[in-house]
Structures are given as C-alpha cells and as structure tokens.
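Trainee: Before we look at anything in detail, could you take me through this model step by step, from the overall fold to the contacts between chains?

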Amino acid sequence: MENLEWPYPLELDKEERITCDVLVLGGGIAGCMAALSAARKEQRVILVEKGAAKMSGAGGSGCDHWESAATNPCSKVTPEDLTNALLDNTDGYNNGISHYIECREGWDRLLDIEKMGGKIRDVDDEFRGAAFRDEKTKLMFAYDYESKFTLRVWGTSFKPAMYNEMKKLGVKIFERIMITSLLTEEGRQGGRCIGATGIHTRTGKFFIFSGKATILCLSRPARIWMFSSDHTGLCEFRPTQCIGDGHAIGWNAGAEFTMMEKSVRTEFSAAGRSYPPYGAGNNHNTWFGASIIDSTGKEIPYADRDGNILQSVEERFIPAKGQSFFLMGGSIDNPKYEYRGPDTLPFSKMLEQGYKLPFYADLTALPETERKVIWGMMVSEEGKTRIPVYENYKNAGFDPEKHVLQCYGIGWTSASFLPQERQLFGLPGGFLNDWELKTNIGGLYAAGDALYASNCYGHAAATGYYAGRHASKYASKTDIIPFDRKQAEREKERIHSPLRNNPEKSIGWKELNMGIAKTMQNYCGELKCDELLNIGLLRLQEYEKNVVPETFAFNPHELVRLLEVFDILTVSQIILHSCIARKTSSAALNFNRSDSNPAEAGEDQKLITVRQVNNSVVIGEKPIDFFGDLKENYEKYNRDYIGGR
Amino acid sequence: MINKNFVDYSEMPASKPIIFNPEKCTGCNDCVDICQVDVFIPDKESGKPPVILFPGECWYCGCCVMVCPSEGAITLRHPLMNQVHWVAKSELGSI
C-alpha cells in the first residue's frame, strides 16, 4: 500500500466527557430499540455505536423473517406454549425470560417499526392469494403456515426507520466509537455501573460516558476458534467488528455469565470457507420449502417427522398429523421429534439409494408465489443478500424459473469443518439476566445478543425495548455518580500503550488472533478434558502477560482491531473457565468431556455461572428454570406496560 | 506494469470486495459513512472514489451499494472461492 495521509484528525491526546440518563452501548437492533424505549420514557439518551447506526449491526443490511411473534392477530400459538417449546427443545438450556419477552412483545415491536416506516405487510398486494398470506391483515408467514407465529418481513427498511425515529426523539448518537470498558462506582470490580469509556475508531480520541443506567447491547463473541487473516470479514456470520466487546468489558467489571462452555462445530458462514449465507443451494431458513434435486434432476422427497413422504409442495408448510406446531428458524437446529417440521430425506440416505451429486436447490417447479417469495422477497430483504446475492446473481444471469443453484453441504451449511473448529452459534452463552434484564451489576442491563441463549432479530428488538423500559425506571430514581479518575486513567493507558511499541519487533492484531484461535482449537476442541483446558488457560494467560504488552498498531483503525483481539483473548478465558467448571458432558450444550464418569452424566443439569470478584474467578450455579412461571413473573414485572397498551 | 527500471512493491490483496467505477462515482463518500466495518477512507482529492484501505475486513453486506446515489458506481464482488455454481435445469444430466 502506498503511503497515504491519514484523512482524520489524530486526537489521541484528547478526551471528551458526556453525561446522560440512559447510556446505550451498541447501535444494532437491540441498542436502537433500547434507546427508543428510554427516549419515550423522557430520558436523556446517548447511544454509542462502533459503526454507523443507520445500517450497522448484524441486522443492519436487512432481515427476511421475524420469529416467534406469538401475539400477532393470526397466531395460533400462545407465548407461553411457544416459549415452553423453545425451552423443552434445548432441555431447558435456554433463556426463558428473554424468549418469553420475544414471544410476548415481538408483535408490539413490529407494529412500532411499522409506525416508524418499516414494511411488515404486503401492502402492495404482490402476493395476493398466496398460501402464506393472511388476506385481511396482509401479513405473510414463514415455515408453519397454520400456526402463523413467524412473519416474513421487508427488513431492509427496518434499521433506517429506527435511526430516523431516534433522531426524531432526540437520542444523541455517537458513532465510530468502540466501547472499551465499563466504569464502576469507586472503580471497584462488581461495583455499580456508572458509565463507560470509549475510543474513536478514526481519531483515537478518548471518551468518558456517564449514565444513571447503562444498557449493554453489544454483539456475541466471534473469531475465538475461526480466523482468516486474509478474509477477516468472512470469519463468522456476524459483522467483522462484532467480536464480543460486551462480554469482555462485562467480565472485567464483574458481570456474571452463563452457558459460556457451550460451543458448536462450525456450521455457518465461516472463515471464507462457507459460501455466502443464503447464496448457495439449500432448503433452510430463507430457502425453506425449496425443492432439492440431484444432478440428474431427480427430486429428493420431503417427509414429515415420521418419514411419510409428502406428495405436494403445500404439505411442506404444515404440521404433521397430531402436531400442534413445528419449530424452525435461526435458533432451531435438529429439533426434537415433538417440534420437528417437514424436511428433505437425509442426503446420506439418498446417496446410498443412488442419487447423484451434486445436489441443487430448485425453485423452477415451485408454485409461483413460493418461488417469488424465496427469490425476490426473502433473498433480497435478508441481511447480506440484496446486493451480494440477489442483485449480483441476477446481473450474472441467474433466473429462478430456469436455473438451479448448487448445494455445497447439508442443511444450511455450505462447507465442512473439523471437530475443533468451533463457533458460539445456536443460542450461545452470555450475560445472566433477571426479569428486568438487569445483570448482577447494579445499573447494568443487557439485551439482544449480549444475553445468554439469545438469537435473531425479533429477540434483539423485543429485549432491547424491554431493557430500555426497565433501565429508565431505574435511572429516574438515581443520580449520576462521578467516575473514578484512576479507573479512567488506567483504561486510557491500557488502550494507548500499543501505539508506543516498536513496530519492527511487535506483534499485530492478526497474529495474536490466529494465536488465540489455534490455542482454542488445540485445547478447547470438541472433546474436552481438564489437562487440555488447564494448559489452554495457561497459554492464554501467557499471551495476556507477555504478548499483549508487545503489540503494535499503526493507526486508530488498526488499534481498534487490536483492542478487539484483546477482548477475544478475554472471552476465550471466560470460555475456558466455564469449561473447566462443568465437570460432566452435556449433549444439550454440545459439551463433551473425555474425562468424566458416564455415571455422573446428566447429574449437573443446571446453569453454571462464572464471574470475577477481586480479579479471581468465582463459579456459581442456578437451576435451569430459575426464572419461575413465565406469565406470572412477566406480568408481575410489567404491570405498567400491560396497563399502558 | 512490470519493467526492468521499475518494480512496484505493493501486494495484491487476497480479495477485492469493492470496485469503483471512477466514471460514475461522484466522490460523495456516502459509502464511507455507512460502512460499519470502516473499510474505506475518503480520497484526499474531493470528488474522487474513496480508497479501500482494509479490503480483507469487508463483511460483504452490500450497504455501500445500497446507499450509493449513483447506480453502477460501486460493484461488490465475492472472492472467487465464494462464487457459486448454477446451471439451467434443462441441461442437467448432459454434462
């Protein structure tokens, strides 16, 4: 690269202090909805975002379906039945509170977004008469057309609508700022959260935000096991800069986490080895219901959960005889028999029967409305599909009435991965929350992907808005607490120190990320045991002690990438501590130990929690159903909201 | 271009996610402002296409193209290894 003049002012020596009532960290779906909710409660709100809030976050470029909106007028399933099914499907290892909020309030948020200018109905009557459309409300449903709790939506319109609404309500938006730490009362770990520090990603300026309440809406961790230095942006499904800053800063502040020992073998959108999500042949999520054919054109049959071959396309979208509804979508992998929907017969079985590779997704023979809703509505409105898949494939000549698209894997996968190549995917661990979406740290709330066992757009929007309400209530009874100067100075020193190192002999962010990823693959792969986990932890602690002080960044942008990898290093240690704490294998957590007595297996069906007290790790536990009766508790904590509707 | 008097020490990136058409780009920098990963910097000369400083960090979301006011000014291109194969159904079995 030629030498370019840095186009932004360098302000590493500058500091800005800002005060508000409610401080929202992260401007994705959850963050924007949290900010809107608090602003509607008359709070002075600041939202801090690392990218550009108008289209940033995992759902910034779009979203094609909204799951679990069980209170929409067409839904045949109650929020209680749906949440209980989600809980049962994961043997209880799931966030009952946050998913109940999603099921109960998701529809309210859709109506909200519609008022802001987002499109949630087929107002242009493009799909009039389609099996998935309700003619009266013009709502369109996905997957289970009888139960009608998952909606197809025009999600490219959502994020810009939220952004405009925030502007309208006077939310102060600070963009291009990475949050690097939480400020706590008297600088104590475990003390009440009173604000946060940040660094400008272009100028390096240091920010100190003070808030009466803080809502952490930062994304889930990534790039723990999977890294590609050439294609960092293709390492995982979530955006490049979403690597789990929130988990790391929460850990350092003393927040409590759970389910962090759960990881899955990499399955989706990873390290550049997968094909573009929703851009290769498959019949899941966005592409659910597509026909799959072999290389001679022979169709792979769909079957119900009992293996009965389905004769028509229409049957792909209805529950089996005697089944009240089926589960499908981003949070559902290998559903239990009770909730399993129609699917194609297993590819391996088909190959044994003489079907020939490669297989293709075939939209040509589908009813016109089904073809058009997959290719054109879903592939176009989903994140990362409008331009890179829909427009680009169309321009290159792809015609869904004529062409078939090659499959490169089974289900929604499009590449194969080794057992030690893992991801936090499919309801991974995160912040432990109570019924107010508060963490164990006073004044600190969490929403969206930051929460344990979280996933998807509707969940992020519903929990963000909910946390905004409860944080506002707290803020209105609290005063601003002055921050501890020493804590802020320590943080400033930590984040600026790499700039003073010698580039000739220092280590860069990519080398460190790869070192962490390989360590995690070696010592925290699919099959775990105490010896390996303990050595892994020692290796990471060595990195922390000896490598982190020897790192270097050339400019503020690269410094932020490096600070992110420091956070990845922190999160990796949370994972190792959590793995060490769980003593027996657990199928529901994809947690497999070689050194546990099989007789003990299943005995520890509880949530294991981890947090730091005085920089020492403290392990705790909670019953998996600690949240109690869903409806009763929800109503107890949300009387105002229920009454106010 | 390589000749014996001049060797460029630059390195071709592993992928080129974004290609600007300088004829169509007005240098408005809307793409620089929307990119959440911040892969671009504005060109020092106003009216010129931005510089793609960090191509490997591109997330391939396409927001830069979505907000571009000048159609055809930006092309987003998946790396070769991620370009997908399709075929006319009528040609299946004839390969």
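The questions and answers below go from chain A as a whole to its strands, its domains and its contacts with chain B.

Trainee: What radius of gyration does chain A have, and why does the value agree with a compact globule?

Mentor: This is a predicted model, and that should be kept in mind throughout. The C-alpha atoms of chain A fill a box of roughly 70 × 60 × 55 Å along the principal axes, and buried residues make up 57% of the 645 residues in the chain. A compact globule with 645 residues would have a radius of gyration near 26 Å, and therefore chain A agrees with that expectation, at 24 Å.

Trainee: Which share of the contacts in chain A with a separation of 6 or more comes from residues 24 or more positions apart?

Mentor: The secondary structure of chain A consists of 16 helices and 22 strands. Among contacts with a separation of 6 or more, residues 24 or more positions apart account for 76%.

Trainee: Which residue in strand E5 of chain A stands opposite Leu47(A)?

Mentor: Strand E2 of chain A, residues 45-48, has Val45(A) and Leu47(A) pointing one way and Ile46(A) and Val48(A) the other way, and all are buried. E2(A) pairs in the parallel sense with strand E1 (residues 15-25) of chain A over four bridges, where Val22(A) stands opposite Val45(A). E2(A) also pairs with strand E5 (residues 172-174) of chain A, again in the parallel sense, over three bridges. In that second pairing, the residue opposite Leu47(A) is Ile173(A).

Trainee: Which residue in E8(A) is the bridge partner of Gly198(A)?

Mentor: Strand E7 of chain A, residues 193-200, is mostly covered, with eight of its eight residues buried. Strand E6 (residues 177-184) of chain A pairs with E7(A) in the antiparallel sense over seven bridges, and there Ile179(A) stands opposite Gly198(A). E7(A) also pairs in the antiparallel sense with strand E8 (residues 206-216) of chain A, over five bridges. In E8(A), the bridge partner of Gly198(A) is Phe207(A).

Trainee: Which residue takes a positive phi in the hairpin of E7(A) and E8(A)?

Mentor: The two strands of this hairpin pair in the antiparallel sense, and five residues lie between them. The residue with a positive phi, near 80°, is Gly204(A).

Trainee: In the open sheet of four strands, which are the edge strands?

Mentor: The order in this sheet of chain A is E17-E9-E21-E22, with antiparallel pairing. Strand E21 (residues 606-613) and E22(A) are joined by eight bridges, and Ile608(A) has Glu621(A) as its bridge partner in E22(A). The strands that pair on one side only are E17 (430-431) and E22 (616-623) of chain A.

Trainee: Which element gives the most to the side of domain 1 of chain A that touches domain 3 of chain A?

Mentor: Chain A is divided into domain 1 (15-65 + 153-269 + 419-484), domain 2 (285-321 + 340-406) and domain 3 (486-623). The C-alpha centres of domains 1 and 3 lie 20 Å apart, and 51 residues of domain 1 are in contact with 42 residues of domain 3. The elements of chain A that supply two or more residues to the domain 1 side are E6, E7, E8, helix H5 (245-253), strand E9 (257-258) and strand E10 (264-265). The element that gives the most, with five residues, is H5(A).

Trainee: Which helix provides the largest share of the largest nonpolar core?

Mentor: This core has 215 residues, and those with the most contacts inside it are Val24(A), Ala34(A), Ala35(A), Ile215(A) and Ala447(A). Leaving aside neighbours within four places in sequence, Ala34(A) is in contact with residues including Val24(A), Ile215(A) and Ala447(A). The largest share of the core, 14 residues, comes from residues 556-581 of chain A, helix H14.

Trainee: Which residue of chain B stands opposite His403(A)?

Mentor: In the contact between the chains, 35 residues of chain B meet 41 residues of chain A. Helix H1 (30-34), helix H2 (63-67) and strand E5 (86-88) of chain B each supply at least two residues of the chain B side, which divides into 21 nonpolar, nine polar and five charged residues. Strand E15 (residues 403-406) of chain A and E5(B) run antiparallel and are joined by three bridges. Opposite His403(A), in E5(B), stands Ala88(B).

Notes: Residues numbered from 1 in each chain as written. Chains lettered and ligands numbered in written order. Predicted model: local features only at pLDDT ≥ 70, side-chain atom pairs only at ≥ 80, totals over all residues. Buried ≥ 20, exposed ≤ 12 C-beta atoms within 10 Å, placed from the backbone. Pairing = 2+ DSSP bridges. Contact = placed C-beta atoms within 7 Å. Nonpolar A, V, L, I, M, F, W, Y, C, P; charged D, E, K, R; others polar. Domains from an automatic or database assignment. Core = buried A, V, L, I, M, F, W, Y, C linked by C-beta atoms within 7 Å. Rg over C-alpha atoms; globule rule 2.2 N^0.38 Å.
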